[in-house]
Every structure is written in C-alpha cells, then in structure tokens.
Amino acid sequence: AYPLACPPGTFNSLNGSTSIVACVACTPGAFCEGERNENPDGLCTPGFYCPGGDSSRANQSQTCQPGTFCPAGSVAENPCQPGTFTDAPAQAESHPCTARFSCENFSTVHPVDCTPGHFCPLGTTSPLPCPAGTFSSRTNLGSESECVLC
C-alpha cells in the first residue's frame with residue numbers, strides 16, 4: 001500500500017498506516033518536501049541547516065550567518081574555529097585566516113590586522129613575534145622574513 005499522505009516536513013516509512021500519528025518529523029540534517037514521503041528527500045543544502053521537521057532543502061530563515069559554516073546535512077550552525085573565518089552568509093566551510101591578519105576567536109567574521117612586531121601567516125590564531133634580533137614597526141606582516149634586523 002502507498003504510504004499515508006504525511007504533511008511536508010514529515011515522512012512515514014510504514015506501509016498500510018491509516019493515522020497521521022504514523023508521520024514523523026523529518027530527520028535533523030535532512031528535508032522532506034511535499035507529501036507522501038517514505039524517507040527524507042535528501043540532505044540540507046550546504047550553507048543552510050535543518051534542525052528537524054524541515055520541508056525545504058534551503059530554508060532562508062536557516063541560513064548560516066557570517067562567522068559560521070554549514071556543510072551539507074548540518075543540523076545547526078558551526079562556529080568558525082580560531083584561525084578561520086567566514087565573512088558572508090550561506091558558507092559551506094570556513095576559510096583559513098588571510099595571511100597578514102589573525103583570527104583569534106571562534107566565529108570570526110572580520111580578521112584583525114597583524115600587530116607591529118609580529119607576523120601572521122595564513123591561518124594565524126595569534127600573531128607570532130618577530131624573532132630575537134629582529135623587529136617591525138609595521139602592521140600586517142605575513143611572514144617572518146618581513147621582520148628586519150635590529
């Protein structure tokens with residue numbers, strides 16, 4: 001028998017069901033579009049999250065915000081780890097902190113200028129001091145080689 005017509009956002013894999021009670025909320029990370037779903041239709045779109053009971057693969061109210069990322073099938077926003085950032089909504093992954101900047105905190109949206117006397121290679125979580133015997137009064141050094149001898 002064809003599964004019971006469950007409303008969007010739900011599914012029912014039991015044949016012969018006659019009650020709406022047999023319909024269950026769509027699995028977190030997945031979506032159940034339309035009616036008569038025997039199983040979830042698929043994973044949420046990258047850049048979006050589906051906490052459960054979702055009828056759309058990309059619900060605009062569940063867009064991952066800057067400072068977070070959502071791979072396919074996300075159930076919630078994932079904060080960017082230190083050393084990474086996202087500066088736009090609907091990102092599937094975080095990006096390494098740009099060289100010459102640091103991303104010291106979780107959920108970084110705007111990398112911070114590398115401070116004088118330090119350098120910041122790609123993915124910096126905390127500015128690295130120029131080695132002993134070198135210095136720099138400039139900001140935004142990207143490598144140790146930019147530190148100058150005293």
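Reader: Why is the sulfur of Cys-80 too far from the closest cysteine sulfur for a bond?

Author: The closest cysteine sulfur belongs to Cys-103, and it is 8.4 Å from the sulfur of Cys-80. A disulfide is a pair of cysteine sulfur atoms within 2.5 Å, so 8.4 Å is too far for a bond. Cys-150 is in no disulfide either, with the nearest cysteine sulfur, that of Cys-130, 9.0 Å away. Do keep in mind that this is a predicted model, in which local features need pLDDT of at least 70, side-chain atom pairs count only at pLDDT 80 or more, and totals for chains, interfaces and linings use all residues. Residues are numbered from 1 along each chain as its sequence is written, and side-chain values use heavy atoms, leaving out hydrogens and water.

Reader: Is Cys-80 buried or exposed, and how do you know?

Author: Cys-80 has a relative accessible area of 0%. Buried means under 20%, exposed over 50%, and partly exposed in between (1.4 Å probe, protein chains only), so Cys-80 is buried. Cys-150, at 75%, is therefore exposed.

Reader: What makes Cys-97 and Cys-103 a disulfide?

Author: Their sulfur atoms are 2.2 Å apart, which meets the cut-off. Cys-97 counts as buried because its relative accessibility is 0%, and Cys-103 is buried at 0% too.

Reader: Why is the disulfide of Cys-97 and Cys-103 left-handed or right-handed?

Author: Look at the torsion about the S-S bond: for this pair it is about 80°, so the disulfide is right-handed. For Cys-44 and Cys-50 the torsion is about -105°, so that disulfide is left-handed. The sulfur atoms of Cys-44 and Cys-50 are 1.3 Å apart, and both cysteines are buried. Another left-handed link, with -50° about the S-S bond, is that of Cys-64 and Cys-70; their sulfur atoms are 1.4 Å apart.

Reader: How many disulfides does the structure hold?

Author: There are seven, including the pairs of Cys-44 with Cys-50 and Cys-64 with Cys-70.

Reader: What makes the phi of Asn-140 worth a look?

Author: Most residues other than glycine have a negative phi. Asn-140 has a positive value, near 65°. Asn-140 counts as buried because its relative accessibility is 16%.

Reader: Why is Ser-107 called partly exposed?

Author: Its relative accessible area is 34%, so Ser-107 falls in the partly exposed range. Ser-107 also has a positive phi, near 60°.
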